[in-house]
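Please open the structure in the viewer and display it as a cartoon, with side chains available on request. The tour below proceeds by selections, each followed by a description of what is found there.

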Amino acid sequence: MCMRIWKFPYGYVKIEVICKRLERFVNAALACGIPLHNITRLSSCSLIAVVPASKYGEARSLCADIGADIRVLKEGGTSLCLRELCARKALIISLIAAIAAILLLSKRILFIKIDCAEPKLYQPVLDALEIYGAVRGISASSIDRAELSKSIADRIGSIGFANVTIDGVVLRVETHSALERPSDDGSRPKSIYSDKDCVILSVATFDGIAAVKPGDAIKKDQLLVSGDITPEQGGEGILVRADAEIIGEVAYDFSIRIDPNDLRPSRSGRSEDYAVCKLFRLSLSPSLSFIDCELENRAMLPFDAVFLPVFVHGGSAHEIILKDRELSKNEMLEAAEAELSAQIHRRIPEGAVIISKATELIWEDDGALTVRIAVYTYERIGYTRYL
């Protein structure tokens with residue numbers, strides 16, 4: 001049993017010893033503290049034994065001292081595996097690098113799966129994830145799922161709720177519309193909740209009990225119409241599928257900063273002449289040395305040598321590169337307007353009616369422009385939850 005404990009973990013060497021007096025070798029080995037196991041006598045002058053790998057050197061020195069021959073028959077155990085690994089440094093480095101990569105990547109988001117009922121919402125949801133910072137490679141522990149869900153719903157008005165889950169290295173986002181419509185299995189009772197902060201303008205209840213009235217300022221996820229219509233006096237509970245049309249006034253805040261300098265496509269100053277032959281809608285493109293260029297046509301001549309309507313267009317090709325240049329105030333205002341329009345289009349649902357806008361322009365000391373816009377809308381409010 002003792003041998004089984006040390007044999008593999010500590011390594012072992014199976015040896016054959018040849019000498020005239022085997023008893024002398026065995027006694028000398030025991031005296032030197034060299035353990036011998038599984039001793040098998042082959043003949044009067046040879047035996048086979050197993051020694052720990054750490055004692056093999058002493059056994060070989062002992063054989064040299066007494067004039068015996070020693071031969072290794074087999075090696076095994078952990079020590080042999082370690083020696084073979086140490087002899088392959090490239091393999092060890094590769095294994096360590098692979099393990100480190102697995103440990104590192106297993107804690108990061110490698111795939112993003114988005115499940116939208118409406119395909120047109122896929123790209124806005126992906127943009128919302130990028131704005132939040134939830135991109136491939138980010139640490140999974142740095143994502144606050146509740147905050148990310150709220151951020152997606154706030155940026156995309158038509159989404160009432162976004163279910164965010166992390167499954168290993170996969171970030172999954174499942175979106176739900178702001179107001180669910182009755183489905184074929186519409187018998188399941190539901191209540192209606194607010195999908196955003198707003199002031200109630202009107203409540204038209206078709207089924208259920210209204211929990212708010214016009215003029216109430218409500219918070220997101222607040223109960224609007226309850227599907228539980230059980231009488232206050234008690235009795236058997238009565239649950240219905242709440243149905244109502246709720247209009248609210250919603251306030252949105254938008255802000256954008258435009259730096260005074262920006263990379264814009266501009267002519268580099270290099271140009272070369274070009275010529276293009278055109279026949280009907282077919283043309284032979286010129287071979288230019290510029291990757292990006294702007295063509296400036298100067299002449300169009302008919303090619304009379306053939307009976308087909310061939311025309312030759314000639315002019316100059318100007319190289320276009322990105323240059324860091326200072327923007328004028330008009331260009332900064334146009335860039336801010338374009339960016340804010342894109343934000344408004346992403347956040348405000350299609351059915352909303354914009355009733356007012358308040359714009360504030362701030363010219364910073366460094367020349368940058370900050371634009372803030374407050375937008376007020378009238379829109380349908382509410383999403384449903386099963387009871």
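**First selection: helices H2 and H3**

Select residues 22-31, which form helix H2, and residues 56-66, which form helix H3; the two pack with their axes 11 Å apart and at an angle of about 135°. H2 is therefore oblique to H3, since the oblique class takes in angles that are neither under 35 degrees, nor over 145, nor from 65 to 115. The crossing of H2 past H3 is right-handed. Now show the side chains at the contact: H2 contributes Arg 24, Phe 25, Ala 28 and Ala 29, while H3 contributes Leu 62, Cys 63 and Ile 66. Please bear in mind throughout that this is a predicted model.

Centre the view on Ile 66, a residue of helix H3. Is Ile 66 buried or exposed? Its relative accessible area is 19%, and Ile 66 is buried, because the cut-off for that class is under 20%. Leaving aside residues up to four places away in sequence, Ile 66 touches Arg 24 and Phe 25. A distance label between the C-alpha atoms of Ile 66 and Ala 28 should read 9.1 Å, for a pair separated by 38 residues in sequence.

**Second selection: the chain as a whole**

Zoom out to the full protein chain. Its secondary structure consists of eight helices and 20 strands. The chain has 387 residues, of which 32% count as buried. Considering contacts between residues at least 6 apart in sequence, 65% join residues at least 24 apart.

**Third selection: salt bridges**

Side chains of opposite charge can pair when their charged atoms come close. How many salt bridges does a search of the whole structure find? The search finds 12, and three of the pairs are visited here.

- Select Lys 55 and Glu 58, whose side chains meet in a salt bridge with an N to O distance of 3.7 Å. Lys 55 is partly exposed at a relative accessible area of 24%, and Glu 58 is also partly exposed, at 36% relative accessibility.
- Select Arg 257 and Asp 366, a salt bridge in which the closest N and O atoms are 2.7 Å apart. Arg 257 belongs to strand E13 and Asp 366 to the loop between strand E18 (353-363) and strand E19 (369-380), so this pair ties together parts that are 109 residues apart in sequence. Arg 257 has a relative accessible area of 42% and is partly exposed; Asp 366 is partly exposed as well, at 48%. Add Asp 259 to the selection: Arg 257, Asp 259 and Asp 366 are linked in a network of salt bridges.
- Select Glu 294 and Arg 267, where the closest N and O atoms of the salt bridge are 3.1 Å apart. Glu 294 lies in strand E16 (residues 293-302) and Arg 267 in strand E14 (residues 261-279), so the bridge ties together parts 27 residues apart in sequence. Glu 294 is partly exposed at 36% relative accessibility, and Arg 267 is partly exposed at 37%.

**Fourth selection: Arg 241**

Move to the loop between strand E12 (223-226) and strand E13 (243-258), where Arg 241 is found. Arg 241 has 15% relative accessibility and counts as buried. Which backbone atom lies 3.4 Å from a polar atom of the Arg 241 side chain? Display the backbone of Arg 188: the atom is the backbone oxygen of that residue.

**Fifth selection: two positive phi values**

The last stop concerns backbone torsions. Select Asn 38 in strand E2 (residues 37-43). Although Asn 38 is not a glycine, its phi is positive, near 50°. Asn 38 counts as partly exposed, at 48% relative accessibility.

Then select Asp 221, in the loop between strand E11 (217-218) and E12. Asp 221 is likewise a residue other than glycine with a positive phi, here about 70°. At 37% relative accessibility, Asp 221 counts as partly exposed.

Definitions and conventions
Residues numbered from 1 in each chain as written. Predicted model: local features only at pLDDT ≥ 70, side-chain atom pairs only at ≥ 80, totals over all residues. Heavy atoms only, no water. Helix = DSSP H or I, 4+ residues; strand = E, 2+ residues; numbered from the N terminus. Buried < 20%, exposed > 50% of the residue type's maximum accessible area, 1.4 Å probe, protein only. Polar contact = N/O pair within 3.5 Å; in protein donor to acceptor, adjacent residues only side chain to side chain. Salt bridge = Lys/Arg side-chain N within 4 Å of Asp/Glu carboxyl O. Axes fitted to C-alpha atoms, helices over the stretch in contact; angles between N-to-C directions. Left-handed = near helix turned anticlockwise from the far one by under 90°. Contact = heavy atoms within 4.5 Å.
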